[in-house]
Amino acid sequence: TLLRALKTESQESIEAVEKKELENPISVYSGEVRVPPSYVRELMTAFGSIPLLHLRETKRPIGREEAAQILELKVRRGGTDRLRVVQQTVQNLLGVTVDAFQADSPSDSAEMDIDDFLVEANGAGIREALRLVLDLELKTPKLVLIEEPEVHLHPGLENAVHSYLQEKQSTMQMFVTTHSTNFVDSVSFQNIYLVSRSSENRTQCEQIDSGDGAMKIPAELGLRLSTVFMFDRLVFVEGPSDEAVLREFAKTVGSDLTRHNVGFVQMGGVRNFAHYAAEGTLDLLVRRRVRMWFVIDRDERDEDEIKRMLTRLGARAKLSIHRRRELENYLLDPDAVAKFVTEKKRTSRAAGEPPSVQSVEDAMREAAISLKDIVVRLRLENKVLRPIYPQSRGATGSISERLDQAMSELAARAKELETTKAAITDGIENGWGYQKAFELAPGGQLLDAVFKKFGLGFDKEKGDSARLAKLMSKRAIHLDIQNLLEDIVSPE
């Protein structure tokens with residue numbers, strides 16, 4: 001009788017909640033309503049069926065549950081392979097060995113060891129990072145919410161955890177809240193949302209764009225120049241894809257950037273080179289014994305422009321100009337491209353069979369040779385359309401004389417346009433072939449042309465460059481890149 005009464009009471013409570021109108025109306029296709037539409041229940045049911053992992057800022061300590069899971073893998077058929085993956089991941093990421101054994105105490109089923117010590121004997125940073133890794137590896141969620149993953153982590157370990165999360169994001173949807181510059185700086189702007197408090201004391205969430213994002217985020221986080229001083233070595237690159245590719249190459253060739261405390265600074269394009277290579281900044285970093293490298297795409301730069309860069313840096317920093325046009329030109333490996341095309345076809349469910357390595361190589365050669373006109377146009381634009389500065393520190397003469405001089409320069413360029421174009425065309429056509437095209441053609445456009453032949457696209461702004469770099473073997477990575485990474489991690 002009591003159970004029947006409780007059931008009736010519960011049903012009445014549920015019906016009352018379902019019939020109750022919302023205090024604030026919501027907008028639907030038909031207008032504003034105060035009763036949730038039926039599709040809301042369907043959406044919530046769909047969302048609720050997704051395996052979810054929520055890691056709060058204060059994480060639950062690692063204990064018997066995780067030890068038992070690892071111990072079970074050791075005795076379960078097929079579990080040893082998965083255990084090996086977990087142990088290798090922890091070893092590569094944290095530099096420690098994790099294992100589990102049957103507990104001596106009757107009250108405990110299993111104990112976990114880290115480098116032959118109980119997990120409780122390790123520092124907070126190791127325990128926090130291990131909590132995150134074991135949850136992602138053992139629970140394999142589809143949706144992950146992580147609050148402040150940088151808590152208790154020193155800069156080197158923070159970089160390692162960030163790299164690990166970047167690798168895992170391809171297999172699960174991940175949302176991260178952070179105040180760490182490492183996590184904010186290393187993702188594209190379209191993936192960043194700034195959560196702040198408005199003047200009306202309301203929480204507001206806005207997506208950051210590349211136009212004003214660089215100004216809003218530092219102000220919100222209170223960043224100062226001292227942020228860069230936590231690193232012993234700084235690598236200045238043009239954009240996020242360059243950093244991501246170099247990090248992937250470093251993992252493949254065994255250059256441990258984390259152990260050597262290497263940080264990356266994204267300049268937002270080579271046009272900002274003079275800003276980051278300012279005298280005061282370079283001198284300040286040199287006094288703090290921070291070693292620096294500026295890694296720049298070759299593009300269409302001539303020797304005079306490279307000499308000006310070298311003069312500005314002097315002996316305070318090293319300048320690395322790619323021998324090929326841009327970093328994407330070092331990703332033209334048929335094996336890796338074939339794997340990436342196959343992976344993209346599988347994830348996007350595009351039509352067609354996975355391509356062979358030979359078909360990819362043929363497509364790369366065809367696309368490279370077809371880009372000759374683009375190479376000519378880019379070189380012509382760089383030579384003829386380079387800016388003129390009537391107002392500069394070295395300019396002399398009156399305003400009228402400066403304008404006349406600028407117009408004379410433009411008139412001379414226009415008069416010699418066809419002659420200049422013919423000279424550039426002759427230089428490009430001399431010995432033109434796919435090998436020369438691999439060095440001179442825009443690598444991003446070349447890869448996009450190859451992917452289009454298989455019904456796909458290539459976009460380095462969306463992380464395709466890093467994903468392709470991850471699929472390349474050490475043998476396929478150009479010696480220029482290997483030498484650069486070896487120099488970055490080499491002793492002084």
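Modeller: A residue counts as buried when its relative accessible area is under 20%, as exposed when it is over 50%, and as partly exposed in between. The model discussed here is predicted.

Biologist: What share of the residues of the protein counts as buried?

Modeller: The protein has 21 helices and 14 strands, and its C-alpha atoms fill a box of roughly 100 × 65 × 55 Å along the principal axes. With the cut-off of under 20% relative accessible area for burial, the buried share of the 492 residues is 40%.

Biologist: What part of the exposed area do carbon and sulfur atoms supply?

Modeller: The area that the protein exposes is about 29100 Å². Carbon and sulfur atoms supply a part of this area that amounts to 52%.

Biologist: How far apart are the centres of the positive and negative side chains?

Modeller: The protein carries 68 positive side chains and 77 negative ones. Between the centres of these two sets, the distance is 1 Å.

Biologist: Of the contacts with a separation of 6 or more, what percentage comes from residues 24 or more positions apart?

Modeller: One pair far apart along the chain is Leu327 and Gly443, 116 residues apart, whose C-alpha atoms are separated by 7.4 Å. For the protein, residues 24 or more positions apart account for a share of the contacts with a separation of 6 or more that equals 71%.

Biologist: Is Leu327 buried or exposed?

Modeller: Leu327 lies in the loop between strand S14 (318-321) and helix H13 (334-348). Beyond its neighbours within four places in sequence, Leu327 is in contact with Asp242, Val245, Leu246, Asp297, His322 and Ile481. Its relative accessibility is 1%, and because burial requires a value under 20%, Leu327 counts as buried.

Biologist: Which residues of the largest nonpolar core touch the most other members?

Modeller: In soluble globular proteins, nonpolar side chains tend to be buried together. Here the largest nonpolar core holds 55 residues. Setting aside residues up to four places away in sequence, Phe249 touches Tyr330, Leu331, Ala469, Met472, Ile477, Ile481 and Leu485. The members of this core that touch the most others are Phe249, Val337 and Leu446.

Biologist: How many residues form the second, separate core?

Modeller: This second core is separate, and among its members are Leu71, Val96, Ile126 and Leu136. Its number of residues is 35.

Biologist: How far from Ala67 is Ala110 in space, C-alpha to C-alpha?

Modeller: Ala110 belongs to strand S5 (residues 110-114) and, at 3% relative accessibility, counts as buried. Leaving aside neighbours within four places in sequence, Ala110 is in contact with Arg64, Ala67, Ala68, Leu71, Phe101 and Ala103. Ala110 and Ala67 are 43 residues apart in sequence, and their C-alpha distance is 5.5 Å.

Biologist: What kind of aromatic pair do Tyr29 and Tyr39 form?

Modeller: The structure holds six aromatic pairs. In this one, the centres are 6.2 Å apart and the planes meet at 45°. Because planes under 30 degrees apart count as stacked and those over 60 as edge-to-face, the pair of Tyr29 and Tyr39 is classed as tilted.

Biologist: Where in the chain are Tyr29 and Tyr39?

Modeller: The two tyrosines are ten residues apart. Tyr29 is exposed, with a relative accessible area of 83%, whereas Tyr39 is partly exposed at 34%. Tyr29 is in the loop between strand S1 (26-28) and strand S2 (31-33), and Tyr39 is in helix H2 (residues 38-48).

Biologist: Are Phe451 and Phe458 buried or exposed?

Modeller: The ring centres of Phe451 and Phe458 are 5.4 Å apart and the planes are at 50°, so this pair is tilted. Phe451 and Phe458 are both buried.

Biologist: Which residues do ring pairs link into a cluster?

Modeller: The structure has six aromatic pairs. The cluster linked by ring pairs consists of Phe236, Phe273, Tyr276 and Phe294.

Biologist: What is the phi of Glu148?

Modeller: Glu148 is in the loop between strand S7 (143-147) and helix H6 (155-168). Its relative accessible area is 12%, so Glu148 is buried. Although Glu148 is not a glycine, its phi is positive, at about 45°.

Biologist: Which residues does Asn261 touch, not counting residues up to four places away in sequence?

Modeller: Asn261 lies in the loop between helix H9 (240-253) and strand S12 (262-266). Asn261 is not a glycine, yet has a positive phi of about 55°. At 15% relative accessibility, Asn261 counts as buried. Beyond residues up to four places away, Asn261 touches Met230, Phe231, Asp232 and Arg233.

Definitions and conventions. Residues are numbered from 1 along each chain as its sequence is written. This is a predicted model: local features need pLDDT of at least 70, side-chain atom pairs count only at pLDDT 80 or more; totals for chains, interfaces and linings use all residues. Side-chain values use heavy atoms; hydrogens and water are left out. Helices (H or I, at least four residues) and strands (E, at least two) are DSSP runs, numbered from the N terminus. Buried means under 20% relative accessible area, exposed over 50%, partly exposed in between (1.4 Å probe, protein chains only). Contact means heavy atoms within 4.5 Å. Accessible areas come from the Shrake-Rupley method with a 1.4 Å probe; for residues, only the protein chains shown count as cover. Lys and Arg count as positive and Asp and Glu as negative; His and the chain ends are not counted. The place of a charge is taken as NZ of Lys, CZ of Arg, CG of Asp or CD of Glu. Rings of Phe, Tyr and Trp (its six-membered ring) pair if their centres lie within 6.5 Å; planes under 30 degrees apart count as stacked, over 60 as edge-to-face and the rest as tilted. A nonpolar core is a set of buried Ala, Val, Leu, Ile, Met, Phe, Trp, Tyr and Cys residues joined through side-chain atoms within 4.5 Å.
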